[in-house]
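Subject: Structure handed over, with notes

Dear colleague,

Here is the structure I promised to pass on to you. Please open it beside this message, and then read the notes below with the model in view.

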Amino acid sequence: MRLQFHRRTGIRLLACASLFSLTACADTPAIAQAEPVRPAAAQPSAANVMVEPVVMQRSFADWRADFRAEALALGIEPQLFDRAFAGVSPDPDVIKADRSQPEFSRPVWAYLDGALSSQRVATGQRKLAEQRTSIDAIEQRYGVDRHILAAIWGLESNFGQNMGDRQVIRSLATLAHEGRRPAFAHDQLLGALDILQHRDIEPEQMLGSWAGAMGQTQFIPTTYNEYAVDFDQDGRRDIWNSSADALASAAHYLQQSGWQPGQPWGQEVKLPPSFDYALADSSVRKTVQQWADLGVTDIKGTPLPANIREHSAALLLPAGHRGPAFLVLSNFRSIMRYNNSTSYALAIGLLSERFQGGGKVVAGWPTEDRPLSRSERTELQTLLTEQGFEPGGIDGIIGANTRTAIRRLQQQLGWPADGYPTPELLEQLRRG
Ligand code: CA
């Protein structure tokens, strides 16, 4: 019996970073993640912050008893539940990882250096040759480019070598009991029990990252339940031990995320002088032809390819107007369904080309524009708010509203309006 509690999550709970805070994670070093947006931190005042409210935390045993009753009511077999939870206690390392909010962030160029290392490229090329028969069949079945699949495999788990070695039930039970997003972890835990009940994997072998991302594809349980496939037809959807199952599961996920067979992810481009950088926003989509009409060319200055002119694309400036520019097509968004980070999707696109001898970024990175720290980002938002630019909440996360606020300020200053937060911009705000 299939349980009926799966939700479409769209993105995976992965690890630890927002768009520009690409901090390495315990089990999945090369992955960035969109952080959950928390309520704005109100400035303390005598009126609203006198005493920290005391939250009564249920004991793990009480939580487990309630959760067991709920799981059984949803159709989980009592013996399976008890076996899965045998000896399970809260994992303090998981709590520590869940609560860590790194102050400093890796710049996108440093993240890409790690993601596109020569070792990862060489291993990927070898794996593509070794797995050629199954990859041929997977590409045929799902229409997703083999080099993209290999890039995902390489970034998610270093081709199956780094899948995380924590018990998924223990990690998710810890997070459901006392994590920052207990409802999310609760749903993932029910999803994990469903996987066990289908005998895809034994409880002892169901290992993953601290956040519950599993196997060679680092799927969370709800993603697994929707997209994992038994490609090698041995009766189990085994993304841990079967690379054919893992690659086909990733291909199925991308296919269902709108992958367009035969279309590229995007490419590096060159912008004309005095370009309006406010157009570099994921919400501004134009056909490649329209971008060409605005003077955008390929990186060598020659015209954009004729065979993609009708496709819709957005302009991406991952490090602001001083850094490289990319036109990204709809497949870039499909990759972001896998992991909601433009840096991740860019790394996947470039790595897929490195496997074929390309994928070098031509324009230089503005290494003098170091990423703002968490407290600097919070200060930036506070100052933007005080000076009337309305960045939305003050949460240290540079989202769409903050970018729009930065553009307003840049336009007022007569600076290129790329929406990119820099130390220079923060300095300007401090001067008022
Ligand atoms: Ca299988």
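To begin with a pair of helices, the crossing of α15 and α16 is left-handed, a term used when the near helix is turned anticlockwise from the far one by less than a right angle, whereas clockwise would make a crossing right-handed. Helix α15 covers residues 374-386 and helix α16 covers residues 400-413, and the two pack at an angle of about 60° with their axes 11 Å apart. Here the axes are lines fitted to C-alpha atoms, for helices over the stretch in contact, and angles run from 0 to 180 degrees between N-to-C directions. The helices α15 and α16 are therefore oblique to each other, since angles under 35 degrees count as roughly parallel, over 145 as roughly antiparallel, 65 to 115 as roughly perpendicular and the rest as oblique.

Before you go further, please keep in mind that this is a predicted model, in which local features need pLDDT of at least 70 and side-chain atom pairs count only at pLDDT 80 or more, while totals for chains, interfaces and linings use all residues. Residues are numbered from 1 along each chain as its sequence is written, and side-chain values use heavy atoms, with hydrogens and water left out. The names of helices (H or I, at least four residues) and strands (E, at least two) refer to DSSP runs, numbered from the N terminus.

The sheet

An open sheet of 5 strands has the order β4-β6-β7-β3-β5, with antiparallel pairing, where two strands pair if DSSP finds at least two bridges between them. Its edge strands are β4 and β5 (297-298), each of which pairs on one side only.

Going along that order, strand β4 (residues 286-287) is joined to β6 by 2 bridges, and Lys286 has Ala313 in β6 as its bridge partner. Strand β6 (residues 312-316) is mostly covered, with 4 of its 5 residues buried; buried means under 20% relative accessible area, exposed means over 50%, and partly exposed lies in between (1.4 Å probe, protein chains only). From β6, 3 bridges lead to strand β7 (residues 325-328), and Leu316 stands opposite Phe326 in β7.

In a regular strand the side chains alternate between the two faces of the sheet. Both faces of β7 are covered, for Ala325 and Leu327 on one side and Phe326 and Val328 on the other are all buried. Strand β3 (residues 266-270) is joined to β7 by 4 bridges and runs antiparallel to it; here Val269 stands opposite Ala325, and Gln267 has Leu327 as its bridge partner. Finally, β3 and β5 pair in the antiparallel sense over 2 bridges, with Lys270 opposite Thr297 in β5.

The calcium site

Which protein donors does the calcium ion have? They are Asp230 (OD), Asp232 (OD), Asp234 (OD), Arg236 (O), Asp245 (OD) and Asp245 (OD), lying 2.2 to 3.1 Å from the ion. Donors are N, O and S atoms within 2.8 Å of the metal (3.2 Å for Na, K and Ca), and water is not among the atoms, so sites may look incomplete. Along the chain, the donors follow the spacing D-x1-D-x1-D-x1-R-x8-D. The angles among the 6 donor atoms range from 44 to 162°, and the site is irregular. Of the donor residues, Asp230 counts as partly exposed because its relative accessibility is 23%, and Arg236 counts as partly exposed at 30%.

Single residues

Leu247 is found in helix α11 (residues 243-256) and counts as buried because its relative accessibility is 3%. The C-alpha atoms of Leu247 and Ile135 are separated by 7.7 Å, although these residues are 112 apart along the chain.

Two loop residues have a positive phi value while being other than glycine. Phe159, with phi near 60°, has its place in the loop between α7 (146-157) and β1 (166-167), and counts as buried at 3% relative accessibility. Gln218, with phi near 55°, is found in the loop between β2 (207-208) and α10 (221-227), and counts as buried at 0% relative accessibility.

With best wishes

Notes
Tetrahedral: all angles 85-135°; square planar, octahedral: opposite > 155°, others 65-115°.
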